[in-house]
Amino acid sequence: MKILITGGAGFVGSALAINIKSNYPTYEVICLDNLKRKGSELNLPRLAKAGAVFVHGDIRNKEDFDALPKVDFVIEASAEPSVLAGLDGTPDYLINTNLVGTINCLNYTKKCGASFIFLSTSRIYPIKAIEKLNYEEQETRFALTDNQPVRGVSAKGIAEDFPLDGARSLYGATKLASELMIHEYNEFYGMKTVINRCGVLTGPWQMGKIDQGVMVLWVAKHYWEQKLAYIGYGGSGRQTRDMLHVKDLYKLVDFQIHNIDKVNGEILNVGGGVEVSASLQELTKICQEVTGKTIPITPVTENRAADIPLYVTDNSKVTALTGWKPEISMKQIVQEITDWITENEESLAYVLK
């Protein structure tokens, strides 16, 4: 088995590569990455140690695919991952990476006669539609109710048939446009594909920032005793997300690689679900318990552009189809991230501190 992982030196790509090589030492895993994201260079020794092959390249450049060998699977894990990307009026890199880059990946996959696994995002769902959902303002979090104005949502979270009308951020739009192209390649070229709409992904080796990787950011700020803010929604810290450990995601991707016919053509919402979710307020409490540190958190009442009050994944479809469900708890995730920072404090400080 030969597998190409685009974005292979990024957080998700490197984690998938290392886990695949650990479980299937005879598989050849090629990691293509342009190393643009700060900290991705720290993954190169980890990839080499695992036996994965790193190729410096950019999915925006069709020519960078021409030098690659034929593979059996392409896992598209490259992206400009920030939901704020392009909102300053400069969307070119975002569009060229997240849409044109995906099309280059699809053409390479077609040339190889390979199968295609796409890591999409929950951000393809429209902002205003999510803002209008019925949710309870509980003491420490916002929580969805079963009584909703639209289909595809319940107290369990948001499902695949949630309406797609409306704006979703430029980032979300590029990912949804990529999904549409994947459908076309599946239908008209007979390419085997699966789309995973991931919620918040997290775990050790994620270089967390305020606009992407919030859980690592939260733990790191506690670790180094720096300041944070509850931004928006009255500054209460009740905005809620589910979190999925990248090792849990790997287990699903592993299933998909070895059972592609079972998931071919499917779109799957993939996240922590209600069971592995937390508000910022609740995440703060867990960070305090694990790190033993309390830091100042400033309330900011004004909402941030493209933010939403809550997102929780309804995993019903993916669980029914594959038997997969997340297993790693919120507290375990925080503990693992804390241990990782402790063990690699010196090398991580310039990225996370």
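# Reading a predicted model, one feature at a time

Me: I started with Lys325, which is found in the loop between α11 (316-322) and α12 (330-343). Is Lys325 buried or exposed?

Reply: Before we begin, keep in mind that this is a predicted model. To sort a residue, look at its relative accessible area: under 20% is buried, over 50% is exposed, and anything in between is partly exposed. Lys325 has 56% relative accessibility, so it counts as exposed.

Me: Which distance separates the C-alpha atoms of Lys325 and Glu160?

Reply: Here you compare two kinds of separation, one along the chain and one in space. Lys325 and Glu160 are 165 residues apart along the chain, and their C-alpha atoms are separated by 16 Å.

Me: Let me try a helix residue. Where is His258 found, and what is its relative accessible area?

Reply: His258 belongs to helix α8, which covers residues 246-258. Its relative accessible area is 33%, and because that value falls between the two cut-offs, His258 is partly exposed.

Me: Which residues is His258 in contact with, leaving aside neighbours within four places in sequence?

Reply: For contacts, we ask whether heavy atoms come within 4.5 Å of each other. With the sequence neighbours within four places set aside, His258 is in contact with Tyr24 and Tyr27. You can also check a C-alpha distance: His258 and Ile18 are 240 residues apart in sequence and 17 Å apart in space.

Me: What about Leu84? What is its place, and which residues does it touch?

Reply: Leu84 is in the loop between β4 (73-76) and α4 (92-112). Not counting residues up to four places away in sequence, Leu84 touches Asp211 and Ala305. Its C-alpha atom is 10.0 Å from that of Ile210, although these two residues are 126 apart along the chain. With a relative accessible area of 27%, Leu84 is partly exposed.

Me: Now one in a helix again. In which helix does Ser178 lie, and is it buried or exposed?

Reply: Ser178 lies in helix α6, residues 170-189. Its relative accessibility is 0%, which means that Ser178 counts as buried. Setting aside residues up to four places away in sequence, Ser178 touches Asn98, Leu99, Thr102 and Phe118.

Me: Next, backbone angles. What is the phi of Leu35?

Reply: Here, look at the sign of the angle and at the kind of residue. Leu35 has a phi near 60 degrees, a positive value in a residue other than glycine. Leu35 lies in the loop between β2 (28-33) and α2 (44-50), and at 23% relative accessibility it counts as partly exposed. Ser169 is another case, with a positive phi near 100 degrees in a residue other than glycine. You will find Ser169 in the loop between β9 (157-158) and α6. Ser169 is buried, with a relative accessible area of 10%.

Me: How many disulfides does the structure hold?

Reply: To count one, two cysteine sulfur atoms must lie within 2.5 Å. This structure holds zero disulfides. Cys112, for instance, is in none: the nearest cysteine sulfur, that of Cys105, is 11 Å away. Cys112 is buried at 8% relative accessible area, and Cys287 is buried at 0%.

Me: Let me step back to the whole chain. How many helices and strands does the protein chain have?

Reply: The secondary structure comes to 13 helices and 17 strands.

Me: What radius of gyration does the protein chain have, and what would a compact globule have?

Reply: The idea is to compare the chain with what its number of residues leads us to expect. With 353 residues, a compact globule would have a radius of gyration near 20 Å; the protein chain has 19 Å, so the two agree. Its C-alpha atoms fill a box of roughly 55 × 50 × 40 Å along the principal axes.

Me: What percentage of the residues is buried, and how are the charges placed?

Reply: Buried residues make up 58% of the 353 residues. The chain exposes about 14600 Å², of which carbon and sulfur atoms supply 51%. There are 37 positive and 42 negative side chains, and the centres of these two sets lie 2 Å apart.

Me: Last one: what share of the contacts with a separation of 6 or more comes from residues 24 or more positions apart?

Reply: Such residues account for 81% of those contacts in the protein chain.

Methods. Residues are numbered from 1 along each chain as its sequence is written. This is a predicted model: local features need pLDDT of at least 70, side-chain atom pairs count only at pLDDT 80 or more; totals for chains, interfaces and linings use all residues. Side-chain values use heavy atoms; hydrogens and water are left out. Buried means under 20% relative accessible area, exposed over 50%, partly exposed in between (1.4 Å probe, protein chains only). Helices (H or I, at least four residues) and strands (E, at least two) are DSSP runs, numbered from the N terminus. The radius of gyration is taken over C-alpha atoms; the globule rule is 2.2 Å times the number of residues to the power 0.38. Accessible areas come from the Shrake-Rupley method with a 1.4 Å probe; for residues, only the protein chains shown count as cover. Lys and Arg count as positive and Asp and Glu as negative; His and the chain ends are not counted. The place of a charge is taken as NZ of Lys, CZ of Arg, CG of Asp or CD of Glu.
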